[in-house]
Every structure is written in structure tokens, then in C-alpha cells.
Amino acid sequence: VSRKARDKGYNIGEKFMTYSILVVDDDITIRNSVTEYLKAINYEVKSALDATQALKILKSFKANLVLTDIMMKGMDGLELTRRIKDSYDVDVMVMTGYSAEYSYENAVKAGASDFIFKPFRFEELDLRIKRVLREAESKKERSKLLKKLEKIAITDALTGLYNSRHFFAQVKTEVNRHIRYSRALSLLIIDIDFFKNYNDTWGHLEGDKVLMKIGKTVNSCMRSMDTAYRYGGEEFTILLPETRIKKACLVGERIKESICDRIFEPEPGTKVSISVSLGATELVKGEDFTTFISRADKALYKSKDTGRNKLTYLIP
């Protein structure tokens with residue numbers, strides 16, 4: 001880290017960055033002294049004389065921490081804390097000189113991350129701020145890691161589409177939504193024609209390239225509300241919420257044509273095209289998800305049994 005970065009930043013663990021703090025206190029002497037001290041140790045600081053002004057400032061000022069007094073005219077610090085936590089991802093530290101009237105538990109219940117009694121030494125305030133900011137950074141890192149792990153758990157590594165485990169969870173959710181709100185739901189199942197022959201001829205690495213490209217093609221042809229999954233092997237599924245069978249078939253035909261238009265080159269000078277067969281269906285009232293999937297599967301096999309490279313739909 002350069003000297004310039006160190007001079008302008010603040011070290012939390014191994015990171016050097018400028019943290020922003022909003023100081024809220026109707027006592028001008030305390031507000032000014034705390035503000036000047038925090039600026040002197042390289043925080044970016046703004047101040048407010050009451051809770052109403054603080055909430056206005058937060059609309060445009062991206063604070064990492066709000067340091068607020070509890071006893072203020074109008075809205076008190078605990079109510080301010082509650083409002084901040086309801087609207088912003090910002091930590092709050094409360095300070096008070098009225099130790100008999102307020103407790104750490106009151107502050108925590110309101111959503112505060114820490115609580116400090118006046119009068120305090122500035123060094124103690126600095127240490128408490130460091131701890132709150134460090135814990136906030138750790139929480140964000142854990143949250144990012146958890147989201148990454150959750151995504152890995154529901155994603156097919158080869159195609160980047162969702163995996164079959166997530167498909168079964170999501171189809172149950174969509175069926176339940178259909179039951180509650182009577183919204184249409186359609187399903188497409190896609191199977192690559194003669195994929196075993198392709199693998200046997202050109203090898204599994206080339207076959208994997210086909211799966212990856214078809215996954216991208218499927219993803220590019222969907223609408224924003226649709227979700228695609230690698231169902232298993234060379235099969236893919238697409239859930240189409242709020243979609244009747246006619247519209248689902250249009251989406252399926254677009255996918256089929258887009259895949260047929262792609263040219264694969266398993267070895268230099270050899271160009272190969274791929275076709276797919278599709279089955280489509282629409283959920284009917286009172287039906288469970290297994291029957292729904294089974295009917296789409298039957299439609300797919302009808303496409304395969306009658307020549308492939310086509311879409312067949314079945315409805316009860």
C-alpha cells in the first residue's frame with residue numbers, strides 16, 4: 001500500500017480505506033469535538049444536530065457508521081437507530097450520559113452495534129469504532145462467501161445453468177404459487193439428439209463443449225422470468241412462470257432453431273450441427289409436480305419417437 005493510500009485511508013485488518021461516519025448530537029460542544037477528533041484520525045465525517053437532519057443526510061451520504069446521542073430533542077437516538085436499521089445497511093453506535101435511564105440492552109434491541117457512556121476518552125471511542133467496523137467487514141465477507149457457496153450448490157459447473165436439485169426445489173415452489181394465485185405455469189424439457197453418437201465419435205471433451213454452448217444458447221433465448229436447468233446428462237429443463245402453452249412453444253421453437261443454427265467444430269476442418277428434441281406442457285389445476293414433469297417427459301419422447309428435431313406439447 002502506498003504512503004498516499006495510508007495517509008488518506010484507515011487500516012482495518014489488511015485493508016486501507018476511508019470510512020465514513022455521521023455524528024448526531026444536539027450538544028454542539030460534544031458534536032464538534034467528536035467530529036474534529038474523528039477527522040484528525042482520517043475518517044470522513046459529517047454531523048447532524050438532530051435525528052431529522054441525520055435522516056436527510058443519510059439519503060446522500062454513504063455512512064459506514066452512525067454515532068448518535070440518545071437524549072435529543074424530538075426523535076431520540078434509539079428511535080433514530082430503529083429507523084436507520086429499517087432503511088439502511090449501516091451500523092449504529094449510541095452514546096449517552098444518562099446511564100441510569102438507558103442500558104446496553106435497550107440499545108441492542110433498537111439495533112445498535114455498540115453503546116458508550118459519556119464522558120468517554122477519545123481513545124476508547126476510537127477502539128470501539130474500530131471493533132464495530134471490523135465486525136461489519138467480517139460480516140460482509142461471510143455473507144459474500146455464503147452467497148457464493150449457495151450459488152455453487154445450485155449451479156451446474158459445466159453449463160453454468162441451475163442444476164437438477166434446484167430444479168426440483170423450484171418446480172415445487174412454482175406449483176405452490178400456481179395453487180395460491182392460479183397463475184399459469186409451463187415447462188419445457190430439451191434433449192440433444194444423438195448425443196451419445198457425438199461423444200463416441202469425437203470424445204467427451206468435445207461433448208462437454210457442446211453442452212456448454214447449448215447451455216449458453218438456452219440462456220440467451222429465455223425471457224427474464226424464465227429459469228433454465230441442466231436436468232441431467234444431455235437434458236435441460238426450462239420453467240416458464242405465468243406462461244400458457246402457446247407462448248411456451250414459441251420459446252421452445254426459438255431455442256430449437258438457435259441451437260440448429262450453431263456450428264460445432266470437433267476437429268479442424270470438420271463442421272457439425274446439432275439438433276434437439278423438446279417436450280412442452282402446461283400445469284393444470286389440482287396437479288402435482290411429478291405428474292406435471294412426467295407429461296412434459298412424455299411429450300419429449302414423442303418428439304424423439306417421431307423423427308426428432310421437433311417440439312411436441314401435451315395437455316390433459
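Start with the whole chain in cartoon view: the protein has 11 helices and 14 strands, taken as DSSP runs numbered from the N terminus (helices H or I, at least four residues; strands E, at least two). This is a predicted model, in which local features need pLDDT of at least 70 and side-chain atom pairs count only at pLDDT 80 or more, while totals for chains, interfaces and linings use all residues. Residues are numbered from 1 along each chain as its sequence is written, and side-chain values use heavy atoms, without hydrogens and water.

Stay zoomed out for the outline. The C-alpha atoms fill a box of roughly 85 × 50 × 25 Å along the principal axes. The radius of gyration is 30 Å, whereas a compact globule of 316 residues would be near 20 Å (taken over C-alpha atoms; the globule rule is 2.2 Å times the number of residues to the power 0.38).

Now select the sheet. Its 5 strands run in the order 4-3-5-6-7, open and with parallel pairing; a pair needs at least two DSSP bridges. At the edges you will find strand 4 (44–48) and strand 7 (114–117), each pairing on one side only.

Next, pick strand 3 (residues 20–24), which joins strand 4 in the parallel sense over 5 bridges. Click Ile21: its bridge partner in strand 4 is Val45.

Then add helix 3 (residues 51–58), which packs on the sheet and touches strand 3, strand 4 and strand 5 (65–69); contact means heavy atoms within 4.5 Å. Finish with helix 6 (residues 122–154), also packed on the sheet, where it touches strand 3, strand 5, strand 6 (91–96) and strand 7.

Methods: Axes are lines fitted to C-alpha atoms, for helices over the stretch in contact, and angles run from 0 to 180 degrees between N-to-C directions.
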